[in-house]
Protein chains: 2
Amino acid sequence: MSGRLSVIGLGPGEARWLTPEASAELDAAEAVYGYGPYLDRVPERDGQSRHASDNREEIARAGAALAHAAGGAKVAMVSGGDPGVFAMAAAVIEAIEAGPAEWRGLDLRVVPGITAMLMVAARAGAPLGHDFCAVSLSDNLKPWEAVERRLRLAAQAGFAMAFYNPVSKARPWQLDRAFDLLRAELPGTVPVIFGRAAGRADERIATVPLAAARGDMADMATCILVGTAATRIVARPGRPDLVYTPRRMDAARPERP
Amino acid sequence: MSGRLSVIGLGPGEARWLTPEASAELDAAEAVYGYGPYLDRVPERDGQSRHASDNREEIARAGAALAHAAGGAKVAMVSGGDPGVFAMAAAVIEAIEAGPAEWRGLDLRVVPGITAMLMVAARAGAPLGHDFCAVSLSDNLKPWEAVERRLRLAAQAGFAMAFYNPVSKARPWQLDRAFDLLRAELPGTVPVIFGRAAGRADERIATVPLAAARGDMADMATCILVGTAATRIVARPGRPDLVYTPRRMDAARPERP
């Protein structure tokens, strides 16, 4: 089978974070599939067809792109950030597993990208400088109780955390509940970083102590980072604070307050 | 203060994963600091000085680069992967916090990169397709007991996992102990991916069930990914298996065996 599907991470936004591999795959593609706002980031090219779809339609989008590639075309599927982090790579492989046998013969390439938490971390300093976890707060695909359980265990483990999909219109109270739960496990001084649209023109990075973190400080375009009890803030005259989690864990210092 | 220090992620290896931002910062630098093997990846340029140091000397390296930048130069510090993930960004900020006040006036830029776990995940399919954590197995900077505790809690939380620094000459038994510990928490069928030198010419990706995972399957250049009880393997005729962790958690399926 000669067709090919490349699942491409576009990174945080601007072209300076798009890898040369991702650029080359986009140049080579005869068709590009993706959620509309991500597709809008890809420059139009003669002879390349474009297929935008809605946010919730991952499996249908994956199936359409696979069927197109199975016809022999070079097809690209674009994701923001990295395609393997709460994005299209898993949906495409799920569709391959459930789909016609010929889809397993396709040349599938996953092209990594800069994921949101690394962009926000870079802007803030090094808040993920030690062990950390990444959790989607969406309960579209898992029960909310599982989210709560994971956050509690992650806090007890002393992980720094990155929250993807922190809020949506259908999930108005979950993020406040998550902060409440963390406040029961961690000191109120733990820094919480709200990174909105990191790497885009309207970027906004704000750090507040966990004690003051509120759900209405985030929207759908926000990636939230939560430090650990050891995370430190370095004040700088005339420049933004630096937030970092030390590499060294002091054996004499308990992980929990 | 006019000096500048850019802490740059070189990504997994080849130039096709080096972002345009990282390339531009390297081009602009008057001096480049880093661990020797990372420095060797940066093409030499007239008028640019190079300062290689050993692996264990992070804080001394950070101090030297900061002092150089404080003299007014444009200085680059290079890391493999992403500088914020078990790499130089935290060490540099630690040195700023402990160093002379003038270092806080420097223009510090953290330039994100493709971190090892995302490269290995892309090669294997989408094993980090759901909630996951990243843990350094090195006990240079934290007690081994803390590593064990974190792995146990991460397994109980149902996180996929990425292990950085899985082995070294000074740590011969720790990785086997980690696998033993995970075998007590997770089904023996959970896929474990050994990604060696991912993104380099000598790349080698191998997947084994947790029941068969052994410490001698890894070396210092390996990033290990551990799936969850829900992680699936899709066999393909004539192509490598795809390993993915489904986006959907079945509420009826317990997280633990």
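**A cross-chain contact and a two-domain chain**

In this predicted model, the side chain of Glu97(B) makes a polar contact with the side chain of Arg232(A) at 2.7 Å; a polar contact is a pair of N or O atoms within 3.5 Å, and within protein one must be able to donate a hydrogen and the other to accept it, with residues adjacent in sequence counting only if both atoms are side-chain atoms. Local features need pLDDT of at least 70 and side-chain atom pairs count only at pLDDT 80 or more, while totals for chains, interfaces and linings use all residues; side-chain values use heavy atoms, with hydrogens and water left out. Residues are numbered from 1 along each chain, and chains are lettered from A in the order in which they are written.

Glu97(B) sits in helix H4 (residues 88-98) of chain B, helices being DSSP runs of H or I with at least four residues, numbered from the N terminus. Leaving aside residues up to four places away in sequence, Glu97(B) touches Arg232(A), Val234(A), Tyr244(A) and Arg104(B) (contact means heavy atoms within 4.5 Å).

Chain A splits into domain 1 (4-114) and domain 2 (117-244), with bounds from an automatic or database domain assignment. Their centres, taken over C-alpha atoms, are 28 Å apart. Eleven residues of domain 1 of chain A meet 14 residues of domain 2 of chain A. Between these two domains, the count of residue pairs in polar contact (both at pLDDT 80 or more) is zero.

Technical notes. Helix = DSSP H or I, 4+ residues; strand = E, 2+ residues; numbered from the N terminus.
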